[in-house]
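Here are my notes from going through the model, in no strict order. Have it open beside you as you read.

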Amino acid sequence: MSTNSTHRDEDVAAVFGRARGAIRSTLEAQYFVPEEDAQEIELSLYEWFHRFSRRPGTSSPVATLRPTLFRMTCKAAQDYWLWKHHGGRITDDTIRFALNRDPEEIAIELELRVSRTDEEST
Amino acid sequence: MNGAIVPFPLRHTRVSREDGRRAAQRVFDTPITERAACAAELHLEDPETLLNLTESLLSRVESSPADARDEAEFLFGFLEKPNRPIGQFDEREYFLGELALIAGGACRFLFRREEARRWFVRAETYFVLTENASANIARLAYQKLALLTEERQFDEVLESAPLWAACFKKLGLTDMALKCLFLEGNVLRETGQLKAAIAVFERICEEAERINNIRLLGIGCGTLAHFHRFAGDLKAALACAQRALPLLQQTQNRVNLAKLRWCVGDIFREQGNKAEALDAYRSALREAEEIGIRGDVAAIHLVLADLLLDAGMDRQAEWEVRAALPIIDEEQMVPEGYAALGLLRESLRRRQIDRTALREVHGYFPAG
């Protein structure tokens with residue numbers, strides 16, 4: 001493996017590591033995904049993000065891809081509930097409220113929160 | 001909506017990055033006709049394998065476009081029907097979009113413009129469903145712009161290329177922004193603004209050197225060699241060609257290597273060195289034939305015919321024209337040069353090549 005791709009892998013791991021807390025709390029606290037399933041989704045998001053960062057057109061620093069990771073987190077949670085309910089109507093109001101929110105909007109909030117934490121820690 | 005089509009439970013990757021690279025090589029080593037039958041063994045549905053395959057195919061578009069098109073076409077067909085669940089989240093759409101983009105880009109090099117257009121439509125329908133869709137669609141827009149350049153829609157290219165370049169810069173895709181500048185430079189040369197075109201390509205070479213992009217530097221120097229030749233500065237042309245040659249070899253850019261050898265042939269010819277010119281044209285022809293760029297093959301045959309007529313080798317010239325004509329017919333090239341083509345064919349029948357018609361037909365091909 002080349003030095004460049006090793007560095008990129010390390011960056012991916014670091015960016016994901018810093019975003020992990022926000023991802024888990026979004027899945028569990030905002031979308032009410034059970035812990036075990038949230039863990040599975042988180043693992044999938046890591047694998048996906050790893051490959052996503054290697055696509056042509058994503059050559060920018062990995063940190064700039066974080067909003068996309070958050071957006072995908074929200075979409076994954078939405079897909080999860082659709083799957084859980086076999087695509088049918090979701091009756092739980094709290095879940096319905098979370099699913100009605102625009103993933104883009106939640107992703108922006110998450111990005112702001114994590115970048116603020118990053119700034120405070122430096 | 002039926003829950004069965006929602007991609008849960010999640011499919012975790014069984015293949016590591018290194019294994020993915022090896023798996024991709026095994027796929028390439030297996031004949032296309034045998035792949036579907038041993039898809040599981042080849043990890044053909046694994047996103048890591050597919051990512052390595054698309055990475056490798058992207059670099060093959062310019063080194064062997066015919067191969068790249070065949071491979072991308074097979075993989076696209078394999079992933080598209082039946083509707084296979086591939087990877088996670090948007091990965092199926094991404095791979096289908098990327099493979100269609102590769103196939104379309106390769107078709108463009110192969111002079112198959114209608115086919116290229118169809119692939120670009122497919123790419124767009126999948127790319128809109130991906131994350132980072134704006135960057136993917138911008139990459140697609142570049143290919144469409146390049147196709148417009150080849151179709152001589154110069155006004156449209158001159159208007160759109162700077163806009164896309166600015167867009168690529170905003171997206172952080174500096175090499176793509178530079179590629180838009182390539183199109184602008186090429187159009188300037190095609191519209192007779194050679195001095196401005198040379199200035200654009202000098203800027204491209206400086207920028208490519210600054211960002212250490214050997215691939216673009218090689219293409220930039222090769223193009224400058226052509227432009228200096230058109231401007232009559234054979235010394236500068238040869239110097240640029242000498243600079244471009246190792247860079248294009250290093251990056252295995254065989255499409256541009258064929259064009260560069262063709263250009264070197266032109267330089268020698270203009271210096272009055274017919275033997276060296278003949279050698280350079282023949283090696284350009286071999287390269288173009290090997291990688292299947294039939295438009296260039298036909299054009300080089302015609303150039304060779306012209307040179308052989310100069311050298312008084314009329315019968316050999318006749319063979320070169322005879323080799324070019326079926327390709328021109330099959331690929332439906334030079335529709336605008338129909339009359340000249342008719343005159344050339346008629347002169348061939350009389351076994352007395354019409355030099356004016358020959359040059360006119362050749363004039364309808366993009367310059368090497």
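1. Start with α8(B) and α9(B), in what is a predicted model. How do these two helices run relative to each other? The angle between α8 (residues 154–170) and α9 (residues 174–190) of chain B is about 160°, and anything over 145 counts as roughly antiparallel. α8(B) and α9(B) are therefore roughly antiparallel to each other. Their axes are 8 Å apart, and α8(B) passes α9(B) in a left-handed crossing.

2. If you want to click through that contact, on the α8(B) side take Phe154(B), Val157(B), Leu158(B), Ala161(B), Pro162(B), Trp164(B), Ala165(B), Phe168(B) and Lys169(B). Facing them from α9(B) are Thr174(B), Met176(B), Ala177(B), Cys180(B), Leu181(B), Leu183(B), Glu184(B), Val187(B) and Glu190(B). By class, the residues of this contact are 14 nonpolar, one polar and three charged.

3. Chain A has a helix pair worth setting beside that one. α2 (residues 35–52) and α3 (residues 66–84) of chain A cross at roughly 135°, and their axes come within 11 Å. An angle of that kind falls outside the parallel, antiparallel and perpendicular ranges, so α2(A) and α3(A) are oblique to each other. Here α2(A) passes α3(A) in a right-handed crossing. α2(A) brings Asp37(A), Ile41(A), Leu45(A), Trp48(A) and Phe49(A), while α3(A) brings Leu69(A), Met72(A), Thr73(A), Ala76(A) and Tyr80(A). Sorted by class, that makes eight nonpolar, one polar and one charged.

4. Back in chain B, look at α1 (residues 17–29) against α3(B): the axes come within 8 Å and cross at roughly 65°. The crossing of α1(B) past α3(B) is right-handed. From α1(B), the residues involved are Arg17(B), Gly20(B), Arg21(B), Ala23(B), Ala24(B) and Val27(B). They meet Glu48(B), Thr49(B), Leu51(B), Asn52(B), Leu53(B) and Ser56(B) in α3(B). The class count for this contact is five nonpolar, four polar and three charged.

5. Now some backbone oddities. Most residues other than glycine have a negative phi, and most peptide bonds are trans. His43(B) is not a glycine, yet its phi is positive at about 55°. You'll find His43(B) in the loop between α2 (32–35) and α3 (47–60) of chain B. Asn212(B) also has a positive phi, near 60°, and its place is the loop between α10 (194–210) and α11 (214–230) of chain B.

6. Are those two residues buried or exposed? His43(B) has 21 C-beta neighbours inside 10 Å, so it counts as buried. Asn212(B) has 8 inside 10 Å, so Asn212(B) counts as exposed.

7. One more for the backbone list: the peptide bond joining Lys81(B) and Pro82(B) is cis, with omega about -5°. Pro82(B) belongs to the loop between α4 (65–80) and α5 (91–109) of chain B.

8. Which residues does Val114(A) touch once we ignore those up to four places away in sequence? They are Arg18(A), Ala19(A), Ala22(A) and Arg66(A). Val114(A) sits in α5 (residues 103–121) of chain A. With Ala19(A), the separation is 95 residues in sequence but 6.8 Å in space, C-alpha to C-alpha. Val114(A) has 22 other C-beta atoms within 10 Å, so it is buried.

9. Lys274(B) deserves the same kind of look. It is found in α14 (residues 274–291) of chain B. Having 15 C-beta neighbours inside 10 Å, Lys274(B) counts as partly exposed. Leaving aside neighbours within four places in sequence, Lys274(B) is in contact with Arg269(B), Leu307(B), Asp310(B) and Ala311(B). Leu307(B) is 33 residues away from Lys274(B) in sequence and 7.5 Å away C-alpha to C-alpha.

10. Last, the domains of chain B. The assignment gives domain 1 (15–151), domain 2 (153–251) and domain 3 (293–368). Between domain 1 and domain 2 of chain B, the C-alpha centres lie 27 Å apart. Eleven residues of domain 1 are in contact with 16 residues of domain 2. On the domain 1 side, the residues that touch domain 2 are seven nonpolar, two polar and two charged.

Notes: Residues are numbered from 1 along each chain as its sequence is written. Chains are lettered from A and ligands numbered from 1 in the order in which they are written. This is a predicted model: local features need pLDDT of at least 70, side-chain atom pairs count only at pLDDT 80 or more; totals for chains, interfaces and linings use all residues. Axes are lines fitted to C-alpha atoms, for helices over the stretch in contact, and angles run from 0 to 180 degrees between N-to-C directions. Helices (H or I, at least four residues) and strands (E, at least two) are DSSP runs, numbered from the N terminus. Angles under 35 degrees count as roughly parallel, over 145 as roughly antiparallel, 65 to 115 as roughly perpendicular and the rest as oblique. A crossing is left-handed if the near helix is turned anticlockwise from the far one by less than a right angle, and right-handed if clockwise. Two residues are in contact if their C-beta atoms, placed from the backbone, lie within 7 Å. Ala, Val, Leu, Ile, Met, Phe, Trp, Tyr, Cys and Pro count as nonpolar, Asp, Glu, Lys and Arg as charged, and the others, Gly among them, as polar. A residue is buried if 20 or more other C-beta atoms lie within 10 Å of its own, exposed if 12 or fewer, and partly exposed in between; C-beta atoms are placed from the backbone. Domain bounds come from an automatic or database domain assignment.
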